[in-house]
Amino acid sequence: MARSTPLIVLSALACSVGWVSAANAEPSGPALMCEALPDAPLCAAGLPQCSLCHESTDPAMPTWNPFGDDLALALDGDPFDQLEMALAAVSDLDSDGDGFTNDEELEAGTAPGDPASAPAVPMCPDDADLEDLLYRICSYDAQYAYRRLSLDFCGRQPSFEAYEAFSALGPAEQRDAMHDTLDTCLQSEFWRGRDGVLWQLAYSKVRPVHSLKSGLDPSPLTQLQIADYDHDLTLFAYTQIDDHDARDVLLADYFARLDGTTYTAAPEPFEDSGLACEEDEDCPAAEGCFQNTCGCFVGCTQAVIPERRQGMLTTRWIALYSTMFTAIPRNTAAQAYRAYLGFDIAKQEGLYPVGTPADYDNKGVDEETCAVCHSTLDALTYPFTRFSGFGPQRALYFPERMEHEFFAHEGPDIANTPEAGSLFGQPVADLREWAQVAAASDAFARATVLQYWELTMGGPPSPEQTETFATLWHDFRDHHDYRVQAMLHDLIDTEAYGAP
Amino acid sequence: MRLEASSFLVSLLLVACGGGPAGASQSSTDGAESTGDVASDTSPTAPGSTTSADTDEPPEDDSDDGTDTSEEPPPPPTSPTANVHFKGPQRLENDLTAVLELDAEELCTEVGGASCTQDVHKVALGGVAPYDLGIYTPAGIGATAPIAVDRLTLQACMRRIDLDRESSDPVLFAVPQLGGGTADIGDPSAVAFIDGLYTRGLLRHPTEAETQTLLLMHADIAVSDSLLPGRDWGVATCFAVLTTTEFLFY
C-alpha cells in the first residue's frame with residue numbers, strides 16, 4: 001500500500017493490523033499510542049482497544065469516534081508514525097464534548113471519544129465523618145488489610161482473638177504480623193493445594209476437560225484418556241510459589257508434582273505409586289506416557305525431549321487438546337498469547353503485523369479482512385508448527401512435521417510453512433526463542449502481575465491505581481526477579497489493597 | 001426437622017413482612033448485598049452500610065399515624081473505592097464452619113446429601129466448575145446467589161442451634177427455654193449468644209442497639225405460628241447476623 005493511500009484507510013488498518021508492506025513490520029495504532037504515552041492508564045494493563053479512536057475497524061469501511069476524527073485531522077495525511085505529534089495537537093481539545101480535554105481523559109484513563117466516559121474524581125469524606133467507622137476509609141487501614149489478606153490468601157477470616165491481638169499491636173508490629181500471615185497463607189491448602197487458588201488461576205490457561213483426562217481420576221472412557229492435565233496445573237502452581245521463577249511457565253523443561261501442599265520438581269516424569277495396576281487390566285500403551293506395570297498409559301504429561309520443552313506451551317495436554325489435528329495451530333498460539341502475555345487477538349489486542357500473511361494452509365488468511373489479525377497471528381504461530389498434536393509423532397517435537405503430516409490435506413504450500421516466526425514484531429527462529437522473547441517482555445511481567453491484581457482487587461487497575469500497578473509489575477521484573485511471592489508482599493502494602 | 005423448618009420459615013416470613021423490628025424487615029430477595037441486614041444496618045461502625053439507626057438506643061416506632069415524623073439520619077460516609085468482595089463458596093464455607101463450629105459436611109446439603117458450597121450452589125455463589133462444566137473463571141454473582149446464601153446460612157444456623165439445644169455443652173446457643181417453647185431472653189445467655197455471633201462472625205461486639213433489635217425479634221416470633229419460638233428466634237438471630245453485608249463481603 002502506497003504512502004499516498006488515503007488516511008482513512010491507512011489509519012484503520014494500522015490500528016487493526018492490516019497495513020503492511022510485505023517487507024515491513026508496522027506497529028499498530030494502539031502500540032504507537034503507548035509508545036507516545038507510556039504512562040497513560042490505558043497502557044498500564046496492556047494496549048488500548050481500537051475503540052479508543054474507532055467506531056469500526058472494518059478495513060472496507062472504517063469509522064471513527066470524535067477523538068479519532070480529531071486525530072485524523074491532526075495527522076492530515078501524514079504517516080501514522082507521526083501519531084505522537086498528532087496527539088499533542090489534539091491534547092487541549094474536548095473531542096467528545098464531556099467537559100474534559102482529551103489530555104485530561106487520557107491521563108484519567110477514560111475515553112476521549114465517548115461522552116459517556118469521563119473522569120470521576122474520588123471524593124473522600126471529611127475526617128470528622130470518619131470517626132465512628134469500623135475502618136479508616138480513604139487511607140491504608142491495617143485492621144482492614146489484615147482481615148482482607150486472611151480471606152484472600154488463607155480463605156478464612158482471622159479469629160476474633162487473633163484480630164483483637166493484631167489490633168493491639170503498634171504500626172510496625174502490625175506490618176510484620178501481616179507479612180508473617182501472608183507467608184503462612186501462601187503455604188496453605190487454600191492457596192496452593194489441589195484446586196486451590198493457584199490451580200484456579202491456571203484453569204483458564206489450561207482449559208481442563210475431565211472427559212479427556214488420563215492419570216488420576218481419569219475419564220471413564222479409556223479410549224478418550226488423551227493426556228493428564230494435572231501436570232499442567234501443577235507446573236503452573238509450582239512456578240508461582242516459594243522462590244520459584246514465574247517465567248518457567250514458558251521456559252520450564254522439568255516436571256512438577258504436588259503432594260498435599262508440597263511441590264517438587266524433577267527432570268523426568270514421576271512414577272506415581274497412586275496409579276497401581278489393577279487386576280486383569282488390559283489397555284494399550286501410548287508413547288510419551290508413563291506406563292504402569294500393566295502397560296496402561298498413565299501420567300501422560302510431557303512427551304517432548306528436554307531441549308524442546310517450553311513449560312506450559314509444549315505439554316501433552318496442550319498438544320492434544322489445543323493443536324489436535326491442525327497443521328498451523330493458531331488456536332494453540334493464540335491461547336498462549338492470551339494466557340501468558342495478556343493479549344486476546346480475537347479482541348484485536350496485541351497486534352504487531354508482520355507483512356501480509358502467506359496462505360500456506362489455503363485458509364484465505366491473506367484476504368484483506370482476515371489479514372487484519374492473521375498478519376500477527378500467523379507469524380506468532382509458525383514456531384508452534386513443529387509440535388505435533390494427534391498424528392504419527394503424537395505430542396512430540398517433529399521437525400519434518402509439515403512435510404510428512406499434512407501435504408495431502410492442506411495443499412502443496414503447507415510444506416513451505418516456516419518454523420521461524422515473530423513475536424511483538426521481533427523475529428524468532430523457533431518456539432524456544434519465542435518463549436524467551438515472551439518471558440523477557442513487559443507484556444509477560446504485566447500479565448503475570450495483573451492476574452494477581454484482578455484476583456485480589458476484583459478488576460483491572462482503576463485510573464488512580466495505574467501508577468501503583470505499574471510500579472508493581474516493574475518491580476516484579478526488575479527487583480523481585482519474577483518471584484510472585486515477593487510481589488505479593490509488595491501488593492498488600494499498597495494503599496490500593498489496604499484502603500477500604 | 002421438616003416441621004420445625006417450616007415453622008421457622010413462617011416465623012421469618014412474618015417478621016420479614018413487617019411484624020418485626022425495623023432492621024428485621026429488610027428483604028433478602030433483592031441481591032446478595034441486601035440479605036438480611038438486620039445487624040449491620042443498625043451498626044454505627046460499618047462503612048458503606050445503609051444505616052437505619054446509628055444510635056445506641058433501641059429503635060422506636062414513632063409512626064402511630066402511619067407517618068414517620070422523625071428526621072432521617074444522614075447516610076454514613078461511603079468509600080470512593082468500593083473495595084468490597086463477596087466471599088464466594090469456599091470462603092463462606094470456611095468462615096461458617098469456623099463461626100458455627102460445624103464440619104463442612106454438616107453445613108448445608110441439598111437433594112439428598114450434595115454439598116451446597118462444593119456442588120449444588122458452587123457456581124451460583126461465584127465458584128468455578130472447570131473439569132465437567134468448563135466454567136474456568138467465576139461468572140460473578142448471579143441472581144440466584146442471594147437465594148443460595150439464604151439456603152446455606154439457614155441450614156447451617158438450624159444445624160448449630162439444634163445441636164446446641166440438645167447438648168449439655170452448647171457452642172453458641174445456651175438460652176434457657178420457657179413454657180410454650182419460648183426462650184428466656186432476659187437471661188444473660190441471650191445477650192452472650194448475640195455477642196458470640198458478632199465476635200465470631202463480624203470480629204466485633206454488637207452495639208446496644210443491635211443487641212436490642214435482635215432481642216426484640218423474639219416477641220414477634222413468639223406471637224407467630226411458630227411451634228418453637230425460642231429455637232426459631234435463635235435460628236433467626238444467627239441467620240440475621242451471618243447474612244449481613246459485613247459478614248458476606250470483605
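These legends describe close-up views of a predicted model with chains A and B.

**View 1. Overview of chain B.** Chain B contains 10 helices and two strands. Along the sequence, the elements of chain B follow the order α-α-α-β-β-α-α-α-α-α-α-α. Of the 250 residues in chain B, 52% are buried. Contacts in chain B between residues at least 6 apart in sequence include 65% that join residues at least 24 apart.

**View 2. The largest nonpolar core.** This core has 109 residues. Those with the most contacts inside the core are Phe153(A), Leu250(A), Leu313(A), Trp317(A), Leu341(A), Trp434(A) and Leu488(A). The element that gives the most to this core is helix H20 of chain A (residues 442-457), with eight residues. A second core, separate from the largest one, has 43 residues. Among the residues of the second core are Leu92(B), Leu100(B), Leu102(B) and Leu248(B).

**View 3. Surroundings of Trp434(A).** The view is centred on Trp434(A), one of the residues with the most contacts inside the largest nonpolar core. With neighbours within four places in sequence left aside, the contacts of Trp434(A) include Leu313(A), Ala336(A), Leu341(A) and Leu380(A). Trp434(A) is also in contact with Pro383(A), Phe384(A), Leu423(A) and Val428(A). Two of these partners, Leu313(A) and Leu341(A), are likewise listed among the residues with the most contacts inside the core.

**View 4. The interface of chain B and chain A.** In this interface, 32 residues of chain B are in contact with 43 residues of chain A. The buried area between the two chains is about 3000 Å², and carbon and sulfur atoms give 59% of that area. On the side of chain B, Tyr131(B), Tyr136(B) and Leu203(B) lose the most area to chain A, together 26% of what that side buries. The count of salt bridges between chain B and chain A is zero. Polar contacts across the interface are found for 19 residue pairs, with both residues at pLDDT 80 or more.

**View 5. Elements of chain B that touch chain A.** Four helices of chain B give two or more residues to this side: H2 (88-100), H5 (130-133), H7 (188-202) and H10 (245-248). The largest share comes from H2(B), with four residues. By class, the side of chain B that touches chain A has 13 nonpolar, 12 polar and seven charged residues.

**View 6. A salt-bridge network in chain A.** Over all chains, the whole structure has 28 salt bridges. Asp243(A), Asp245(A), Arg247(A), Asp481(A) and Arg483(A) are linked in a network of such bridges. Within the network, Arg247(A) pairs with Asp245(A), and the closest N and O atoms are 2.7 Å apart. Asp245(A) counts as buried because its relative accessibility is 14%, under the 20% limit.

**View 7. The salt bridge of Glu419(A) and Arg308(A).** The side chains of Glu419(A) and Arg308(A) meet at 4.0 Å, N to O. Glu419(A) lies in the loop between helix H18 (407-410) and strand E7 (421-423) of chain A. Arg308(A) lies in the loop between strand E6 (297-300) and H14 of chain A, and the two residues are 111 residues apart. Glu419(A) is buried, with a relative accessible area of 19%, whereas Arg308(A) is partly exposed, at 23%.

**View 8. The salt bridge of Asp361(A) and Arg330(A).** In this pair, the closest N and O atoms are 2.9 Å apart. Asp361(A) is in the loop between H15 and H16 of chain A and Arg330(A) is in helix H15, so the salt bridge ties together parts 31 residues apart in sequence. Both Asp361(A) and Arg330(A) are buried.

**View 9. Positive phi values at Met324(A) and Gln348(A).** Met324(A), a residue other than glycine, has a positive phi near 50 degrees. The loop that holds Met324(A) runs between helix H14 (316-323) and helix H15 (330-341) of chain A. Met324(A) counts as partly exposed, at 34% relative accessibility. Gln348(A), which is not a glycine, has a positive phi of about 60 degrees. Gln348(A) is placed in the loop between H15 and helix H16 (368-381) of chain A. At 22% relative accessibility, Gln348(A) also counts as partly exposed.

Terms used: Residues numbered from 1 in each chain as written. Chains lettered and ligands numbered in written order. Predicted model: local features only at pLDDT ≥ 70, side-chain atom pairs only at ≥ 80, totals over all residues. Heavy atoms only, no water. Core = buried A, V, L, I, M, F, W, Y, C linked by side-chain atoms within 4.5 Å. Buried < 20%, exposed > 50% of the residue type's maximum accessible area, 1.4 Å probe, protein only. Contact = heavy atoms within 4.5 Å. Buried area = accessible area lost by both parts, 1.4 Å probe. Polar contact = N/O pair within 3.5 Å; in protein donor to acceptor, adjacent residues only side chain to side chain. Nonpolar A, V, L, I, M, F, W, Y, C, P; charged D, E, K, R; others polar.
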